[in-house]
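Reader: Please take a close look at one part of this model. I would like to hear about the disulfide and its setting in the chain.

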Amino acid sequence: MFRSVRLIIAAAVLVAGCAPGGALGGAMNASADKPTITKAQALARIEQLINGTVAIMHPKPELELHQPSLNDSLCLDPVDGGSEDRLIINRTYYLRGLPKESLKKVIAEVKAYWQSQGHYIEAQSDNGLQLYGRSRPDDFFITIGWTEGDVLSLSSTSTCLWPNGTPEPSSTP
């Protein structure tokens with residue numbers, strides 16, 4: 001099950017590298033080290049994205065938090081050209097209780113919902129069991145996909161941010 005979650009996150013990072021201004025080309029953002037949203041604001045937005053998505057699902061799944069997603073990650077490849085000292089906030093949930101035969105239907109519902117919210121669909125797997133998007137207007141990654149054991153996982157990942165919203169003072173002169 002963890003392998004599929006890692007694949008979803010890896011795909012999201014790969015897509016980020018191809019984004020305009022990303023690691024594979026484009027202009028650097030001159031305001032990349034300016035204030036950002038805070039960690040608390042990012043968590044609130046992630047929960048809004050997750051809960052909004054789950055609310056449209058039929059049947060309603062039971063959410064199970066993937067504990068490793070509670071750990072913040074470093075912004076190791078900032079697509080905006082900013083500091084690697086910032087963080088990325090992520091939450092992943094397993095969607096328990098969805099019948100195996102309804103997984104594609106649920107993902108199709110999610111795709112329609114995300115599009116109705118103005119989110120951008122980056123990619124969908126050929127088998128219809130993986131969907132990758134970016135929220136609008138804030139550009140958070142949103143993914144849903146099949147994991148081992150015929151369970152869907154739903155994730156959202158923030159853009160790079162300063163934990164308190166502003167760059168930390170430098171300890172070097």
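Author: What follows covers the disulfide, its two ends and the chain around it.

Keep in mind that the model is predicted. The disulfide count is 1. Cys75 and Cys160 form the link, with an S to S distance of 1.8 Å. That passes the cut-off, because two cysteine sulfur atoms count as a disulfide within 2.5 Å. The angle about the S-S bond is 70 degrees, and the link of Cys75 and Cys160 is right-handed.

Now place the two ends. They belong to distant parts of the chain, 85 residues apart. Cys75 lies in the loop between strand E2 (73-74) and strand E3 (87-88). Cys160 lies in the segment after strand E8 (151-157).

Are these cysteines buried or exposed? Cys75 has a relative accessible area of 0%, so this residue is buried. Cys160 has 15% relative accessibility, and therefore also counts as buried. The cut-off behind both calls is under 20%.

Next, the wider chain. It has 173 residues, and 42% of them count as buried. Its secondary structure consists of 3 helices and 8 strands. Along the sequence the order is α-α-β-β-β-β-α-β-β-β-β.

Long-range contacts can be put in figures too. Take the contacts with a separation of 6 or more: 65% of them join residues 24 or more positions apart. Finally, the surface. The chain exposes about 9,000 Å², with 58% of that supplied by carbon and sulfur atoms.

Note on methods. Residues numbered from 1 in each chain as written. Predicted model: local features only at pLDDT ≥ 70, side-chain atom pairs only at ≥ 80, totals over all residues. Heavy atoms only, no water. Helix = DSSP H or I, 4+ residues; strand = E, 2+ residues; numbered from the N terminus. Buried < 20%, exposed > 50% of the residue type's maximum accessible area, 1.4 Å probe, protein only. Contact = heavy atoms within 4.5 Å. Areas by Shrake-Rupley, 256 points an atom, 1.4 Å probe, with all protein chains shown as cover.
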